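Me: I'm new to this structure and would love a close look at a single part of it. Could you start there, and then walk me through other places where I should rest my eyes?

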Amino acid sequence: MRLTAVPRQTLAHWHGPAKDLPLPPGEVHIWWVGLHLEGSALCACWDLLSPEETRVASSYRFVKDLREFVITRAVLRQILARYTGQSANDLRFESGPGGKPVLRGAQSVHFSVSHCSDIALLAVARVRIGIDVEHVRPGNFWQKAIGRCLSPRERAYLEALPLRLRPATLYRFWARKEAVLKAMGTGLLYPPQQVSVLPEGSDPTVVSLLGRNWLVRQVPAPEPYAAAAAIEASACKVKWRQWRFPAGRILGATAPACAS
């Protein structure tokens with residue numbers, strides 16, 4: 001799916017930033033990125049990656065997966081460079097205790113990334129954060145796999161819904177659950193069945209785990225996608241950012257183009 005094919009009303013809340021990007025403690029910035037990029041622009045993205053990132057990219061069996069990883073990592077570097085004042089090439093990443101990537105030397109800047117089917121979401125904050133986007137897929141295989149990760153309350157809620165509403169609801173549950181697990185830094189090492197993200201009639205929802213409260217909220221996404229973010233904060237202001245690649249030029253040392 002090309003970004004240009006997304007209905008305009010879907011991105012109505014997403015705006016391009018001013019030249020400078022301050023990140024106050026009470027704000028969360030969530031970026032929408034279209035991943036349809038090829039040719040010389042894709043090569044420029046590849047050139048931004050570290051040797052370790054190029055090794056990871058080369059391990060993908062399918063070209064589509066490789067392209068999504070390369071573009072997402074290159075855009076992540078470009079975006080984080082705007083918050084840290086470093087060049088995109090100089091940023092260094094390392095793994096946290098649960099394997100979550102963190103930015104070396106910039107502990108006050110937290111980020112999370114998720115990508116699938118030609119779109120990516122990136123979240124940046126001063127507190128721990130997780131984000132996830134899922135492509136709602138038809139078919140019993142995916143739904144059964146996700147269904148095994150639901151809590152008893154979530155399963156009961158889902159089974160009470162009409163059949164036509166269950167697939168999209170199931171993926172919304174999974175996006176919320178993945179966002180919490182990413183924010184915690186554990187990923188699937190923490191049993192997902194013990195993470196209940198059942199909405200209580202309001203958005204955002206507060207999920208309490210391991211002595212911490214996570215603010216879980218839906219993120220605007222076009223059909224057939226579901227997306228959510230989890231934030232370690234009792235309250236926050238979310239700013240929506242849309243990334244667009246520079247018109248007429250490829251990524252490089254120049255600042256990226258962003259538009260509303």
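**A helix held inside, and its surroundings**

Reply: Let's begin with helix α6: 14 of its 19 residues are buried, so the helix is largely enclosed by the rest of the structure. Please keep in mind that you are looking at a predicted model. You can find α6 at residues 166-184. From the first C-alpha of α6 to the last, the helix reaches 27 Å, which is close to the 27 Å expected at 1.5 Å a residue. Just after α6 comes G185, and its phi is positive, near 85°.

Now step back to the whole chain around α6. The chain contains six helices and ten strands. Of its 260 residues, 47% are buried. Take the contacts between residues at least 6 apart in sequence: 60% of these join residues at least 24 apart. The chain's accessible surface comes to about 12800 Å², with 55% of that belonging to carbon and sulfur atoms.

From here, let's visit another two helices, α1 and α3. Two packed helices are described by the angle between their axes and the distance between the axes. Helix α1 covers residues 39-48 and helix α3 covers residues 63-84; they pack at an angle of about 65°, and their axes are 8 Å apart. The crossing of α1 past α3 is left-handed. On the α1 side, the residues that meet α3 are L42, C45, W46 and L48. On the α3 side, their partners are L66, R67, V70, I71, A74, R77 and Q78. Sorted by class, this contact has eight nonpolar residues, one polar residue and two charged residues.

One of those α3 residues, R67, leads us to H36. H36 sits in the loop between β1 (27-34) and α1. The C-alpha atoms of H36 and R67 are separated by 8.6 Å, although the two are 31 residues apart along the chain. H36 counts as partly exposed because its relative accessible area is 32%, a value that falls between the 20% and 50% cut-offs.

Staying with α3, look for T72, which has its place in this helix. T72 has a relative accessible area of 5%, so it is buried. Leaving out residues up to four places away in sequence, T72 touches L35, V113, H115 and A120. V113 and H115 bring us to strand β4, which spans 110-116.

At one end of β4 is the loop that joins β3 (101-103) to β4, and S108 lies in that loop. With a relative accessible area of 42%, S108 is partly exposed. Beyond residues up to four places away in sequence, S108 touches A125 and R126. S108 and R126 are 18 residues apart in sequence, while their C-alpha atoms are 5.5 Å apart in space.

The loop between β4 and β5 (119-125) holds D118. At 10% relative accessibility, D118 counts as buried. Its backbone deserves a look too, and here is some background: most residues other than glycine have a negative phi, and most peptide bonds are trans. The phi of D118 is positive, near 75°, in a residue other than glycine.

L210 is another residue other than glycine with a positive phi, near 50°. You will find L210 in the loop between β7 (205-209) and β8. Is L210 buried or exposed? L210 is exposed, because its relative accessible area is 59%.

Within strand β7 itself, look for V207. V207 is buried, with a relative accessible area of 4%. Its contacts, not counting residues up to four places away in sequence, are S196, V197, R212, N213, W214 and V216. One of them, V197, is ten residues from V207 in sequence, and the two C-alpha atoms are 6.6 Å apart.

Our last stop is P224, in the loop between β8 (212-218) and β9 (225-231). Which form does the peptide bond from E223 to P224 take? This bond is cis, with omega near 5°.

If you go round again, start from α6, which is largely enclosed by the rest of the structure, and then find α1 and α3 where they pack at about 65°. After that, pick out the buried residue T72 and the exposed residue L210.

Terms used: Residues are numbered from 1 along each chain as its sequence is written. This is a predicted model: local features need pLDDT of at least 70, side-chain atom pairs count only at pLDDT 80 or more; totals for chains, interfaces and linings use all residues. Side-chain values use heavy atoms; hydrogens and water are left out. Axes are lines fitted to C-alpha atoms, for helices over the stretch in contact, and angles run from 0 to 180 degrees between N-to-C directions. Helices (H or I, at least four residues) and strands (E, at least two) are DSSP runs, numbered from the N terminus. A crossing is left-handed if the near helix is turned anticlockwise from the far one by less than a right angle, and right-handed if clockwise. Contact means heavy atoms within 4.5 Å. Ala, Val, Leu, Ile, Met, Phe, Trp, Tyr, Cys and Pro count as nonpolar, Asp, Glu, Lys and Arg as charged, and the others, Gly among them, as polar. Buried means under 20% relative accessible area, exposed over 50%, partly exposed in between (1.4 Å probe, protein chains only). The expected span of a helix is 1.5 Å times one less than its number of residues. Accessible areas come from the Shrake-Rupley method with a 1.4 Å probe; for residues, only the protein chains shown count as cover.
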